[in-house]
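Open the model in your viewer and keep the sequence panel visible. The stops below say what to select next and what is there.

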Amino acid sequence: MTRLACFYVPMFVLAARLRSEPDLLNEALGIVEGNGNNAHIVAATRRARKKGIHPGLSLTQARSLLPKLIARSRDSECERTAQEALLEVAETFSPRVEDAAEGIVFLDVTGMERHFADGPTDSDNGQPTTDNPSPDLRLARAAIRACDAISLPARVGIAASKLAARVAAELPKSPTVVAPGEEAIFLAPLPLTRLSPELEAAAMLHRFGLSSIGDLAKLPESEIASRLGEVGRELHWAARGIDPRPLMPRPMPPEFREGMELEWPLVALEPFLFIANAALDRLAKRMEIQGFACKRLEFTLTLDPEGYDARGIDMPAPTRDVKTMLTLMRLDLEKTPPGAPVAGFSFVAHPDRPRRAQLSLFGPTAVSPEKLATTIAKLISILGEGRVGMPMTVDGHLPERYAIDDYSPPPPPDVRRTPARARGLLAVRTFRPPIPIEVTTREMEGDDVQIASIRSLAEVSATPAPPTPNSRPRVEAGGKIEIAGTVRICSGPWRVEEGWWVDRPDIREYWDIELERGGVYRVFRGNATDWFVDARYEM
Amino acid sequence: MAVLARRLDTQFPLLEAPQSPTPVKPPRMVESDALRNLRASLEASIVAKLTSGSELIRAVARQRREEMLPTTIEPLDLLLGGGLARGKMTEIAGRGTRFSIVIATLAATTSIGEAAALIDAGDSFDPQLAEAAGVDLQRLLWVRPHTMKETVTAAEMIGATGFQLVIIDIGTRRPPGRRVPDATWVRLARVAESHGATILVSAPYALTGTTSEAMVLAHAPRARWLGNANAPRVLAGIETRLKLEKHRRLRPGQTTTVFFRCEEAVGCQLPAVGSVVIPRADTRQPTARKAS
């Protein structure tokens, strides 16, 4: 037999608001709908209700009863994210979940009793209790605990039909489990208002002298249908615990959302980040429930008085670290401020599976993927794209070719290796881009050309220092290196050709030169007979 | 009596020496080769104190921190007492083949499977040449900061992430931006100490002050050419003198010479270099010690 569970959040509008602003839980708070004279209370906290504030009062009436009433308008963003959070909790119990209404979720828990057959899951402190609750009851209690974890005080009912499950969930003593086949017995003593009949039908039933659901169920279906029409027939079925409506599961959402409309526009970054931190924390918890991590974070800022600012941050690796996401958001906002006060925000996290790594006991220590992703994300945000990553070689003959890719090192070996002996190769310092120079050449035997002297064209000083044998290249802090002087030894040319299949192939002639004043450089002559220094051998 | 005798009969064996139970053979220790090698690598005094797995893990971590990370340049390793100290900061300053030392250290570290990071403030790293020198580029994180502040910030973040080797190469001139305060280097040394990272700073002038474990001065670079004046010349390589200016455990003042050759000159006959000269404290007359 099908078993359906219903998660019901009473006063959902208020619960959604308190989820975003938990500090208001013990205050006299009223949620208001409408503007001006039409503003009226739709929900209030316990403290406000004790003072006589109830739904339907206008804000003016409520203020006259309780001058210190804190009024908050309905926040559709908060309610939407709270509903999504409720659905995600339901999805941790069953893949078949229906989004019925605000604060009401149905899920198919058929066969789930095997997962809750036994074990110390029936009490809040993990200790086994003296009674022996049924698997359905254990499941319901686990669901209530899961909803509490996301700051939503949900009630749970389990029955064979959606109607019975909803009515069970709405009862104040939660959880309520209706045994299979006993829906009619369960509903019989309850008042007729639990079936939420239409006003006309309710008034007529009242005139009939019917007060409980059981009274209605005892009457003949045809007589009720002849007096109330199709509505009466449906009510009679409901009273007998018959609900022909099937569960309509919703598709899995491709992303996670959190957001909020602010009471007043924020003009400073710090207060915004304070609120954003809480929202990101909720987002991370929801992703953790599903076993996901954030691959891309998109956030839309609602600007005051109008307009939006939409941005996106790509994470180098999936992460659930709130601090990282917040830092990246801070850096992005500092780099390009929105330009107007922020009146609301919406965060969208695109989920992905987090990276896992097996650490080695005997080999070199592996870098934690989560930490690495965080560090690289921060570095990219500080230094910019293309400044951090794994260096790569590129096919071709030109020495300055390189590429940079995402850094994802292979796992370290299981056992520590012996370091390979160094080849002892001489390294060069590459100049990016190559420095244009002026070259004086001298003809040698045959067609050989040797370089006699060079002078950097990019040098600020028009008159280079006179070359003296004992002088060395001057190194200035933050300045340029003087590349100028008479060449002592010249070696070359070595011809490099690339792209012979195109109209203008890249042909270069390379020389190694040592200056009289010191310094060994690699220079080349390009196609247009321009000369450049592209590297320096360290001296 | 018969009954009594039977009783005595049954009692006499009790007066004899009790038969000792068959000794249970101790379970055969199943120890993998890796664990045996690990135990063998630890000092006997440490092994005697080990009673649990967690202590073994702690001892291994401690041992690793006391290890040296070899640069595989024998003269330099000899000068530094085995290589770069793990969990410490070492500095190479001056002119000469500093960048070649950096590349060789990267090659040594990545060849044993450890993660290395190069913070290339001069933006002068050539991946093609590094690959030819033996660097495993897949294990290398290349960071190219713009300013000095970004350089030290990146080093601090990467050191705290768990990289075994972090190299800061300043290039041939100081990056633009304000000079970083000395406290930055103290903080960087603490990051290295707390996370077991080896930090190597290569700069044209001394930066780290008293915070580094060792400071080597590179100076007097000299290019060597193959061929004479009339024949075509080929750059063979560059030799540089290294002097241990400061070390917390070794006596400073030792010098050595290292030679890095061009790829074209590999296989050519070149004079041997690499002896470490140790000055005597009393007369300051140097005595020579071979590198290998």
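Begin with the barrel in chain A: six strands close up in the order β15-β16-β17-β18-β19-β20, with antiparallel pairing. Strands here are DSSP runs of E with at least two residues, helices are runs of H or I with at least four, and both are numbered from the N terminus. Two strands pair if DSSP finds at least two bridges between them. Neighbouring strands of this sheet are turned by 45 degrees against each other on average, direction ignored; the axes are lines fitted to C-alpha atoms, for helices over the stretch in contact, and angles run from 0 to 180 degrees between N-to-C directions.

This is a predicted model, in which local features need pLDDT of at least 70 and side-chain atom pairs count only at pLDDT 80 or more, while totals for chains, interfaces and linings use all residues. Residues are numbered from 1 along each chain as its sequence is written, and chains are lettered from A and ligands numbered from 1 in the order in which they are written.

Within the barrel, select β18 (residues 506-515) and β19 (residues 520-525) of chain A, which run antiparallel and are joined by six bridges. E509(A) has R525(A) in β19(A) as its bridge partner.

Next, select R455(A) in strand β16 (residues 449-456) of chain A. Is R455(A) buried or exposed? It counts as partly exposed because it has 17 C-beta neighbours inside 10 Å; 20 or more would make a residue buried and 12 or fewer exposed, with C-beta atoms placed from the backbone. The C-alpha atom of I437(A), 18 residues away along the chain, is 5.4 Å from that of R455(A).

Now colour chain A by pLDDT, the predictor's confidence in each residue from 0 to 100. The chain A mean is 82, and 90% of its residues reach 70 or more. Among the elements of chain A, β16(A) has the lowest mean, 77, and β13(A) the highest, 93. Over residues 459-479 of chain A the pLDDT is below 50, and this stretch has 35 contacts in the model beyond near neighbours in sequence. A contact is two residues with C-beta atoms, placed from the backbone, within 7 Å.

Move to the open sheet of chain A, five strands in the order β5-β6-β1-β7-β8 with mixed pairing. Its edge strands are β5 (97-101) and β8 (176-177), each pairing on one side only. Strand β7 (residues 155-159) of chain A pairs with β8(A) in the parallel sense over two bridges, and I158(A) has V177(A) as its partner in β8(A). Helix α5 (residues 135-149) of chain A lies across β1 (4-8), β7 and β8, at about 155 degrees to β7(A).

Then show both chains. Their contact takes 58 residues from chain A and 68 from chain B. On the chain B side, α6(B) gives the most, with eight residues. Strand β13 (residues 388-392) of chain A pairs with β5(B) in the antiparallel sense over two bridges; there, V388(A) has V143(B) as its bridge partner.

Finish in the largest nonpolar core, a set of buried Ala, Val, Leu, Ile, Met, Phe, Trp, Tyr and Cys residues joined through C-beta atoms within 7 Å. Of its 201 residues, A5(A), C6(A), F7(A), L86(A) and V166(B) touch the most other members. Select V166(B): its contacts, not counting residues up to four places away in sequence, include A117(B), I119(B) and A155(B).
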